[in-house]
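Here's a quick briefing to read alongside the model. Have the viewer open and follow along, topic by topic.

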Amino acid sequence: TYNLRMSEPFAQPINASTRYCAVYGHPIKHSASPAMQNAGIAKLGLNWRYLAVEVHPDNLRAAIAGAQAMKFIGLNLTVPHKLLALEMVDELDDSAKTWGAVNTIRFEPDSDGMVRAYGFNTDAEAITRALREDLRVEPRGARVLLLGAGGAGRTAALKLADDGAAALYLVNRTPGKSATLGAEIG
């Protein structure tokens with residue numbers, strides 16, 4: 001295994017060719033994504049950097065457009081942006097349409113050379129894949145205690161219900177969110 005220490009240099013210094021990607025959230029200080037993503041980027045020898053950026057929900061549309069204009073590779077979205085971003089990308093893939101949330105945006109040129117923002121949701125597949133591969137648990141027929149009913153929790157609950165979980169027990173810091181999600185599943 002490879003273990004990148006924070007003091008180790010990146011494979012390449014930042015220069016005019018450096019590409020960027022980021023996670024947007026509000027708050028974002030807690031995010032471990034930059035350390036994890038930058039370790040992988042360094043290991044691959046890519047001239048990329050992954051940033052964590054505090055973006056207030058009122059500024060999300062402008063922040064997405066800014067990243068797109070600056071030719072970022074893409075973005076990850078965390079609390080509270082996953083639902084808001086549905087209306088802020090040029091195109092949604094089937095996962096984002098199905099689960100009603102965007103946690104990943106990829107910027108790429110279309111056939112006319114215009115850079116477009118494509119929205120995806122990787123949360124749904126991640127939860128069932130992790131259950132199957134890491135815990136050897138099949139969602140169909142399982143009884144699941146789910147902690148959190150926010151962006152990823154909401155998507156996980158919807159996916160588990162769709163996959164045939166026998167029972168979902170929803171727990172959230174704010175009980176109203178659990179009740180709303182329970183009604184959405186029902």
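Asn76 sits across from Thr104 of β5, so to speak a handy place to start in this predicted model. The two strands involved here, β3 and β5 (residues 104-109), run antiparallel and are joined by three bridges. From there we can step out to the rest of the sheet, then to the loops, a second strand pair and the largest pocket.

**The six-stranded sheet**

- The open sheet is built from six strands, and reading across it gives β2-β1-β3-β5-β6-β4, with mixed pairing.
- At the edges you'll find β2 (48-54) and β4 (91-92), each of which has a pairing partner on one side only.
- On the other side of β3 from the sheet order's β5 comes β1; β1 and β3 are parallel, with four bridges between them.
- To find that β1–β3 pairing on screen, look for Tyr24, which stands opposite Leu77 in β3.
- β1 (residues 19-25) also pairs with β2, again in the parallel sense, and this time over seven bridges.
- A good marker for the β1–β2 pairing is Arg19, which faces Trp48 in β2.
- Helix α1 (residues 33-44) lies across three of the strands, namely β1, β2 and β3 (74-77), and it makes an angle of about 170° with β2.

**Loops with unusual backbone**

- Which two residues does the cis peptide bond with omega of about 5° join? They are His26 and Pro27, and Pro27 belongs to the loop between β1 and α1.
- Another cis peptide bond runs from Val79 to Pro80, this one with omega near -5°.
- Pro80 is in the loop that links β3 and α3.
- Lys71 isn't a glycine, yet its phi is positive, at about 60°.
- You'll find Lys71 in the loop between α2 (60-69) and β3.

**The β7–β8 pair**

- β7 (residues 143-147) and β8 (residues 167-171) are parallel partners, with five bridges between them.
- To get from β7 to β8 the chain goes through helix α6 (residues 151-162), giving a β-α-β crossover that is right-handed.
- Within this pair, Leu146 stands opposite Leu170 in β8.

**The largest pocket**

- The largest pocket comes out at a volume of about 450 Å³.
- There are 18 lining residues, and those closest to the centre are Val79, Ala149, Gly150, Gly151 and Lys177.
- Val79 is worth a second look, as this residue close to the pocket centre is also part of the cis peptide bond to Pro80.
- Which helices each supply at least two residues of the lining? That would be α3 (81-84), α6 and α7 (175-185).
- α7 is the top contributor, giving four residues to the lining.
- α6 turns up here as well, having already appeared as the helix in the crossover between β7 and β8.
- By character, the lining splits into six nonpolar, seven polar and five charged residues.

Methods:
Residues are numbered from 1 along each chain as its sequence is written. This is a predicted model: local features need pLDDT of at least 70, side-chain atom pairs count only at pLDDT 80 or more; totals for chains, interfaces and linings use all residues. Side-chain values use heavy atoms; hydrogens and water are left out. Two strands pair if DSSP finds at least two bridges between them. A crossover is right-handed if, with the strands pointing away from the viewer, the path from the first strand over the helix to the second runs clockwise. On a 1 Å grid over the protein atoms alone, a cavity is a set of points where a 1.4 Å probe fits but cannot get out, and a pocket is an open set with protein on both sides within 12 Å along at least five of seven lines; lining residues have an atom within 4 Å of a point. Grid points are joined across faces, edges and corners, and a volume is the space filled by probe spheres set on the points. Ala, Val, Leu, Ile, Met, Phe, Trp, Tyr, Cys and Pro count as nonpolar, Asp, Glu, Lys and Arg as charged, and the others, Gly among them, as polar. Contact means heavy atoms within 4.5 Å. Axes are lines fitted to C-alpha atoms, for helices over the stretch in contact, and angles run from 0 to 180 degrees between N-to-C directions.
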